[in-house]
Amino acid sequence: MAEALLEGRDLTKHYPVTRGLLQRIVGWVRAVDGVSFTIEQGKTLSLVGESGAGKTTTAKAVLLLEKLTSGSILFQGKDLSQFTRSQLKSEYRPRVQSVQQNPWSSMNPRMRVRDIIAEPLVVNTKQSKKEIRSRVLELLEQVGLRSDHADHYPHEFSGGQRQRIAVARALALHPSLVVLDEPVSALDVSIRAQIMNLLKDLQVKHNLSYLVIAHNLATVRYMSHSVAIMYLGQIVEYGEAEELFERPLHPYTRALISASLLTLPEEGDQEAKQIILSGEMPSPLNPPPGCRFHTRCTEARDRCSEAVPELRAVGQQRVRCHHYD
């Protein structure tokens, strides 16, 4: 088993809902509600689910852009809550970088590419201008761009090229973990495979770990070693990627795979049947009692609306469903 690089333990993020001039708290939005996961060195974990499931909030917590309500994040076995501000700046933030969804808005249009890629080095290191320029040219080569691209501006590049620039910037400080927020969703279909292959090649070359936030299950299946399916702030299924896609256990996982037109075999090798979910995801301000998915589940029983299911081990996977009690 690979070494654990980062662990999330019972992560919870609740946002207060206020009302009136005195901003009286009248409720809490349960964006993330008891999420635990492990990202191994050199491996990819993908968080999957509909909008509002809590994927992006979890990623922001890992990037320290959101302060947790409760729970802990461990980096190489050390609890981040025990780090001083100086330690976070020197030992954690440079090691954890991100690539945003939209390559058109994630970089300053007034900066040349060489300055965009060099910015993390200028801010976080004391390298000379010559060393920084050498590193920039090295990064451009690694992501498949030419050295003369360093003198161009972002508007002179296609979406795929811009995403390559964003990847180069993320790699500037030799990170251990890169958070990829929908890294190919804004790109043309013809370009997506190129960027995914680039990311996989860089992962092998630099022993990188990835935390991927995605809706597209084809992307997730191609890039991931493990997958966590999220619904209304909770993980409902978690396991190795191939096992999860070949034998999905939770009704929500099966519905997602069905909707994405990926093969979903039925018992007896019957033809795959599309699963249509009724209604929309309930509000995280007032989640349903019991299993949070029971209001849309075609297999729900009385107990599902009464008791909260635990995330329990079933074979090599973990699933939050009363059907496996």
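**Helix H9 and the packing of H3, H5 and H6**

Leaving aside neighbours within four places in sequence, Thr253 is in contact with Ile229, Glu237, Leu244 and Pro248. The model that shows this is a predicted one. Thr253 sits in helix H9, which runs over residues 251-259, and with a relative accessibility of just 1% this threonine counts as buried, the cut-off being under 20%.

Thr253 has plenty of company in that respect. Eight of the nine residues of H9 are buried, so the helix is largely enclosed by the rest of the structure. The buried set is made up of Pro251, Tyr252, Thr253, Arg254, Ala255, Leu256, Ile257 and Ser258. What lies over them? The cover for the buried residues of H9 includes two helices, H7 (217-223) and H8 (241-246), along with strands E3 (44-48), E9 (226-231) and E10 (234-240).

Stepping back to the protein as a whole, the secondary structure comes to nine helices and 12 strands. The C-alpha trace spans about 70 × 55 × 40 Å along its principal axes. For 325 residues, a compact globule would be expected to have a radius of gyration near 20 Å, and the 21 Å found here agrees with that. Of the 325 residues, 48% count as buried. As for contacts between residues at least 6 apart in sequence, 64% of them join residues at least 24 apart.

Elsewhere, helix H5 (residues 159-171) packs against helix H3 (residues 113-124). The two axes lie 7 Å apart, at an angle of about 30°. Since angles under 35 degrees count as roughly parallel, that makes H3 roughly parallel to H5. The crossing of this pair is right-handed. On the H3 side, the residues involved are Val113, Ile116, Ile117 and Pro120, and these meet Ile165, Ala168 and Arg169 of H5. Sorted by class, the H3 and H5 contact has six nonpolar residues, no polar ones and one charged residue.

H5 also packs against helix H6 (residues 189-206), here at an angle of about 15° and with the axes 10 Å apart. H5 and H6 are therefore roughly parallel to each other as well, and H5 passes H6 in a right-handed crossing. From H5, the contact draws on Gly160, Gln163, Arg164, Val167 and Leu171; from H6, it draws on Ile191, Gln194, Ile195, Leu198, Leu199 and Leu202. By class, this contact of H5 with H6 comes to seven nonpolar, three polar and one charged residues.

Two loop residues that follow these helices deserve a word on backbone geometry. Most residues other than glycine have a negative phi. His174 is not a glycine, yet its phi is positive, at about 55°. This histidine is placed in the loop between H5 and strand E7 (177-181). Is the side of the story told by accessibility one of a buried or an exposed residue? His174 is exposed, with a relative accessible area of 56%, which is over the 50% needed for that label. Asn207 likewise has a positive phi of about 55° without being a glycine, and is found in the loop between H6 and strand E8 (209-214). At 41% relative accessibility, Asn207 counts as partly exposed.

Note on methods
Residues are numbered from 1 along each chain as its sequence is written. This is a predicted model: local features need pLDDT of at least 70, side-chain atom pairs count only at pLDDT 80 or more; totals for chains, interfaces and linings use all residues. Side-chain values use heavy atoms; hydrogens and water are left out. Axes are lines fitted to C-alpha atoms, for helices over the stretch in contact, and angles run from 0 to 180 degrees between N-to-C directions. Helices (H or I, at least four residues) and strands (E, at least two) are DSSP runs, numbered from the N terminus. Angles under 35 degrees count as roughly parallel, over 145 as roughly antiparallel, 65 to 115 as roughly perpendicular and the rest as oblique. A crossing is left-handed if the near helix is turned anticlockwise from the far one by less than a right angle, and right-handed if clockwise. Contact means heavy atoms within 4.5 Å. Ala, Val, Leu, Ile, Met, Phe, Trp, Tyr, Cys and Pro count as nonpolar, Asp, Glu, Lys and Arg as charged, and the others, Gly among them, as polar. Buried means under 20% relative accessible area, exposed over 50%, partly exposed in between (1.4 Å probe, protein chains only). The radius of gyration is taken over C-alpha atoms; the globule rule is 2.2 Å times the number of residues to the power 0.38.
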